[in-house]
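Here are a few short exercises to work through with the model open beside you. Try each task before you read its solution.

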Amino acid sequence: PLFSTSPISGIGISPPLNVLGSDLACCCSNVGNSGIGTGFYRDGHCSTGPQDSGRHTVCIIATLDFLAFSKSVGNDLSTPVGEYSFPGVRPGDRWCLCASRWVQAYQENCAPKVCLLATHEKTLNVVTEETRGLLLKALKEHAVDGDEAEEIEKRLDEKRRNLDKLIGEVDVD
C-alpha cells in the first residue's frame with residue numbers, strides 16, 4: 001500500500017477512537033489491490049477532521065445491493081475517479097462511508113455490514129444526542145466484528161467501574 005497503516009494525526013484531527021471508545025482499527029489500506037487506502041485522508045482509517053465535512057467514518061463491507069442503493073441516491077461508489085484517488089468500490093470491499101449515508105441506507109433497509117472497531121466515534125455525532133444509543137445499537141446489529149467488540153466493551157466497562165470506584169474513594173475536602 002502507498003499509505004501508512006497508522007491513522008492520520010495532527011491539529012484538528014479527531015483522536016483515533018472507535019464507536020466503542022477503544023483504538024480505531026484500520027478499515028482497509030489497499031482497496032481492491034489498488035494501493036490506495038480508504039478514508040477521507042486515504043490512510044486506510046475512517047479518520048475525520050475539519051476538512052471532512054461528509055464524516056467518512058463508518059467502515060463498511062460493500063454489497064451489491066448497497067452499491068446500487070448508493071448510486072440510486074446520487075453517490076456512485078462503483079466507478080473509479082482517478083483525480084480523487086478513488087479506485088471504485090466493489091462488493092466485499094471495505095470502505096469508509098459517510099455516516100449520514102449509512103443512516104440513510106439503514107432507514108431504507110439496505111445498510112451494509114460494518115466493522116465496529118474501525119468505525120470512528122464521530123459517527124455517533126450525525127444524530128442527536130438523544131438518539132446516539134439507537135444508532136450504536138443499529139451499528140452493532142450490522143457488525144461483522146460483534147463478538148470481538150463485545151469483549152472490548154466488557155473490558156472498557158470494567159475499567160470504567162474501577163475508575164468510578166477510585167474516584168468515589170478520593171476525599172475531595
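**Exercise 1.** Which pattern does the chain follow when read along the sequence?

*Solution.* Before starting, note that this is a predicted model, in which local features need pLDDT of at least 70, side-chain atom pairs count only at pLDDT 80 or more, and totals for chains, interfaces and linings use all residues. Residues are numbered from 1 along each chain as its sequence is written, and side-chain values use heavy atoms, leaving out hydrogens and water.

Step 1: the chain has 4 helices and 3 strands, where helices (H or I, at least four residues) and strands (E, at least two) are DSSP runs numbered from the N terminus.
Step 2: along the sequence they give β-α-β-α-β-α-α.

**Exercise 2.** Work out in what order the strands of the open sheet lie.

*Solution.* Step 1: the order is β2-β1-β3, with antiparallel pairing; strands pair if DSSP finds at least two bridges between them.
Step 2: β2 (94–98) and β3 (113–114) are the edge strands, each pairing on one side only.
Step 3: between β1 and β2 there are 5 bridges, and His 56 has Cys 98 in β2 as its bridge partner.

**Exercise 3.** Describe the surroundings of Asp 52.

*Solution.* Step 1: find Asp 52 in the segment before β1 (56–61).
Step 2: Asp 52 is buried, that is, under 20% relative accessible area with a 1.4 Å probe, protein chains only.
Step 3: look for a salt bridge (a side-chain nitrogen of Lys or Arg within 4 Å of a carboxyl oxygen of Asp or Glu). Asp 52 has none, and the nearest side chain of opposite charge, Arg 55, is 4.8 Å away.
Step 4: look for polar contacts (N or O atoms within 3.5 Å, one able to donate a hydrogen and the other to accept it; residues adjacent in sequence count only if both atoms are side-chain atoms). The Asp 52 side chain makes one with the side chain of Thr 48 at 2.9 Å and another with that of His 56 at 2.6 Å.

**Exercise 4.** Which residues of the largest nonpolar core touch the most other members?

*Solution.* Step 1: a nonpolar core is a set of buried Ala, Val, Leu, Ile, Met, Phe, Trp, Tyr and Cys residues joined through side-chain atoms within 4.5 Å.
Step 2: of its 33 residues, the answer is Ile 60, Phe 66, Leu 77, Trp 102, Val 114 and Leu 139.
Step 3: a second, separate core of 7 residues includes Cys 27, Cys 46, Ile 61 and Cys 96.

Notes. Buried < 20%, exposed > 50% of the residue type's maximum accessible area, 1.4 Å probe, protein only. Lys, Arg positive; Asp, Glu negative; His and termini not counted.
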